[in-house]
Amino acid sequence: MSGLKNLKKRRRVQVISIAGACVGLVLVLLWFLPSDSFQFFRSPSEVASAPPLPNERFRLGGLVERGTLVRGQGQEISFAVTDGGASIPVVYAGILPDLFSEGEGVVAQGNMIDGRFEAVEILAKHDETYMPTEVLDALKAQGVYVDPNGARIGH
């Protein structure tokens, strides 16, 4: 019986050791990731003040600036994303989310090329009142967020 007990104990130690090694490996990998890997999006003001590196893919978040939405040939569209402090021109070719419109929150993924953001993906909103928390916080900090009930929130 004691041989079976020792075998179970040895197995338990092996499983715990392997799990600990895996956790350690994940922590080491996270330590060496670039700090911008954890940033969900950049606001237009952040992009204007600290332009991204060439060919750096990132997410741009803010409001679709009113009066800038232009539909081109086929699925091409251009618009500007603003946070009240800066405005970044965006171009996109693809199908837009149903609730995409001027004055609404948007998060786009892509690259800055020749002074404009070339989006490869426009992230969909859950419903007409949804806005990512990071976008909401940036808009409140700029003092340009208007809640769905019409009250202005921010500085």
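# Strand pairs, burial and contacts

Me: How do you know that strand β1 (residues 58-64) and β5 pair?

Reply: In this predicted model, β1 and β5 share 6 bridges and run antiparallel. A pair needs at least two bridges, so the two strands qualify. One link between them joins Gly-62 to its bridge partner in β5, Val-106.

Me: Which strand pairs with β5 over 7 bridges?

Reply: That is strand β6 (residues 116-123), again in the antiparallel sense. Here Val-107 has Leu-123 of β6 as its bridge partner. β5 and β6 form a hairpin with 2 residues between the strands, and Asp-114 takes a positive phi near 55° there.

Me: Why is strand β5 (residues 105-113) called largely enclosed?

Reply: The count settles that one: 8 of its 9 residues are buried, so the rest of the structure largely encloses β5. Strand β3 is mostly covered, with 5 of its 7 residues buried. For the chain overall, 32% of the 155 residues count as buried.

Me: Let's take single residues. Why is Gln-109 called buried?

Reply: Gln-109, which sits in strand β5, has a relative accessibility of 17%. Buried means under 20%, so Gln-109 counts as buried.

Me: What makes its link to Arg-59 a polar contact?

Reply: The side chains of Gln-109 and Arg-59 meet at 2.9 Å. The limit for a pair of N or O atoms is 3.5 Å, so the distance falls within it. Gln-109 also touches several other residues, among them Phe-58, Phe-117 and Ala-119.

Me: Is Glu-56 buried or exposed?

Reply: Glu-56 is buried: its relative accessible area is 15%, and the cut-off is under 20%. Glu-56 lies in the loop between α2 (44-49) and β1. Its side chain makes a polar contact of 2.4 Å with that of Arg-42. Glu-56 and Gly-110 are 54 residues apart in sequence, yet 8.2 Å separates their C-alpha atoms.

Me: Why is Glu-102 called partly exposed?

Reply: The relative accessibility of Glu-102 is 25%. Buried would need under 20% and exposed over 50%, so this residue belongs in between. Glu-102 is found in the loop between β4 (87-93) and β5.

Me: What does the side chain of Glu-102 reach?

Reply: The side chain of Glu-102 reaches the backbone nitrogen of Gly-67 at 3.2 Å and that of Leu-69 at 3.1 Å. Both distances are within 3.5 Å, so they pass the distance test for a polar contact. Glu-102 also touches Val-64, Glu-65, Arg-66 and Thr-68. For Val-64, the C-alpha distance to Glu-102 is 4.9 Å, although their positions lie 38 residues apart in sequence numbering.

Me: Which strands supply residues to the largest nonpolar core?

Reply: The core itself has 18 residues, and those with the most contacts inside it include Leu-60, Phe-79, Val-90 and Phe-117. β1, β3 (76-82), β4, β5 and β6 each supply at least two of its residues. Leu-60 is in contact with Val-81, Ile-88, Val-90, Val-106 and Phe-117, among others.

Me: How do you know that β3 pairs with β1, β2 and β4?

Reply: Count the bridges again. β3 has 2 with β1, 2 with strand β2 (residues 70-71) and 7 with β4. The threshold is at least two, so each of these counts as a pair. Examples of facing residues are Val-64 opposite Val-81 in β3 and Ile-77 opposite Tyr-92 in β4.

Me: What do the turns of the hairpins on either side of β3 hold?

Reply: β2 and β3 have 4 residues between them, with Gly-74 in the turn at a positive phi of about 65°. The hairpin of β3 and β4 has 4 residues between its strands, and Gly-84 in the turn has a positive phi of about 95°.

Me: What secondary structure fills the region UniProt lists at residues 12-33?

Reply: The unreviewed UniProt entry places a "transmembrane region" there. In the model, this span is 95% helix and 0% strand, and its end C-alpha atoms lie 32 Å apart.

Key
Residues numbered from 1 in each chain as written. Predicted model: local features only at pLDDT ≥ 70, side-chain atom pairs only at ≥ 80, totals over all residues. Heavy atoms only, no water. Buried < 20%, exposed > 50% of the residue type's maximum accessible area, 1.4 Å probe, protein only. UniProt positions renumbered as here; feature names shortened; annotations may be inferred. Polar contact = N/O pair within 3.5 Å; in protein donor to acceptor, adjacent residues only side chain to side chain. Contact = heavy atoms within 4.5 Å. Core = buried A, V, L, I, M, F, W, Y, C linked by side-chain atoms within 4.5 Å. Lists of a residue's contacts leave out its neighbours within four places in sequence.
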